[in-house]
Amino acid sequence: MDAGEVSEFFKHKSILVTGSTGFIAKLFVERILRIQPQVKKIYLLIRAPDNASVNDRMQKEVFKKEAFRVLREKHGGEFDSFISNKVTPIAGDVSVQNLGIKDMNLIQEMQKEIHIVVHSAATTRFNER
């Protein structure tokens with residue numbers, strides 16, 4: 001599969017990404033947003049207690065990183081607007097039921113909208129059982 005086929009595959013699709021603040025997920029999200037600006041929506045599942053915290057983590061730990069430099073340069077002053085139209089941060093946790101999402105309307109929206117799930121969540125504790 002070449003880059004053009006990959007790009008076409010994600011066109012008009014919605015994606016759920018777990019482990020969104022991790023290295024692999026950040027690279028994946030940046031690449032999709034750069035090669036396929038017509039992606040419909042990217043839901044980023046981020047471990048956080050509330051919506052304010054999830055937005056803060058998303059900005060600091062994902063979009064302010066060097067990996068997004070090319071995309072920031074490409075969109076210039078419109079970068080934040082582009083991100084807010086394409087990316088929806090979700091406060092949640094893969095280790096609990098319904099991914100820790102309490103808003104049933106959001107769960108229903110995601111069930112209808114999401115075409116692809118990229119599961120890259122992992123524990124960073126090296127003393128796990």
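Leaving aside neighbours within four places in sequence, which residues is K41 in contact with? Seven names make up the reply: K13, S14, I15, N85, K86, V87 and T88. Before going further, note that this is a predicted model. K41 itself is found in strand 2. Is K41 buried or exposed? Its relative accessibility is 18%, and buried means under 20%, so K41 counts as buried. K41 can also be placed against I114. These two residues are 73 residues apart along the chain, yet their C-alpha atoms are separated by 8.4 Å.

Now move to the interior. In soluble globular proteins, nonpolar side chains tend to be buried together. Here the largest nonpolar core has 25 residues. The residues with the most contacts inside this core are I15, V29, L33, I42, L44 and F63. Which elements each supply at least two residues of this core? Three strands do: strand 1 (14–18), strand 2 (41–46) and strand 3 (87–91). Helix 2 (23–35), helix 3 (51–63) and helix 5 (79–86) do so as well. Helix 2 gives the most, with five residues. A second core of eight residues is separate from this one. Among its members are L16, Y43, I90 and L106.

F63 is a good residue to follow through the larger core. F63 lies in helix 3. Its relative accessible area is 2%, so F63 is buried. What does F63 touch, leaving aside its neighbours within four places in sequence? Its contacts are V29, L33, L44, M58, F68, R72, F79, I83 and V87. Two of these, V29 and L33, are also buried residues of helix 2. D2 gives another view of F63. The two residues are 61 residues apart along the chain, and their C-alpha atoms are separated by 26 Å.

Helix 2 deserves its own stop. How many residues does helix 2 have? It has 13. At 1.5 Å a residue, helix 2 should span 18 Å. The C-alpha atoms at its ends are 18 Å apart, so the expected span and the model agree. Which residues of helix 2 are buried? They are A25, K26, F28, V29, E30, I32 and L33. The list includes K26 and E30 alongside nonpolar residues such as V29 and L33. L27 is found in helix 2 too. With 38% relative accessibility, L27 counts as partly exposed. L27 joins F23 and I24 in making a nonpolar surface patch of about 340 Å².

Step back to helix 1, which covers residues 3–10. S7 has its place there. The relative accessible area of S7 is 14%, so this residue is buried. Not counting residues up to four places away in sequence, S7 touches I35 and Q36.

Charged side chains come next. How many salt bridges does a search of the whole structure find? It finds seven. One of them joins E8 and K11, whose closest N and O atoms are 4.0 Å apart. K11 has a relative accessible area of 29%, which means that it is partly exposed.

A further salt bridge brings K40 and E113 together, at 3.0 Å from N to O. This pair links distant parts of the chain, 73 residues apart. K40 sits in the loop between helix 2 and strand 2, while E113 sits in helix 6 (residues 104–113). K40 is partly exposed, with a relative accessible area of 42%. E113 also counts as partly exposed, at 24% relative accessibility.

The last stop is helix 4, residues 69–75. E73 and R69 both lie in this helix. They form a salt bridge, with their closest N and O atoms 3.5 Å apart. Where do these two sit relative to each other along helix 4? They are four residues apart, about one turn of the helix. An α-helix has 3.6 residues a turn, so residues three or four places apart point the same way. E73 is exposed, with a relative accessible area of 54%. R69 is partly exposed, at 36%. The pair also belongs to a network of salt bridges that links E66, R69 and E73.

Note on methods:
Residues are numbered from 1 along each chain as its sequence is written. This is a predicted model: local features need pLDDT of at least 70, side-chain atom pairs count only at pLDDT 80 or more; totals for chains, interfaces and linings use all residues. Side-chain values use heavy atoms; hydrogens and water are left out. A nonpolar core is a set of buried Ala, Val, Leu, Ile, Met, Phe, Trp, Tyr and Cys residues joined through side-chain atoms within 4.5 Å. Buried means under 20% relative accessible area, exposed over 50%, partly exposed in between (1.4 Å probe, protein chains only). Contact means heavy atoms within 4.5 Å. Patches are made of residues with over 30% relative accessible area and no salt bridge: like charges are joined within 9 Å, nonpolar side chains (Val, Leu, Ile, Met, Phe, Trp, Tyr) within 5 Å. Accessible areas come from the Shrake-Rupley method with a 1.4 Å probe; for residues, only the protein chains shown count as cover. The expected span of a helix is 1.5 Å times one less than its number of residues.
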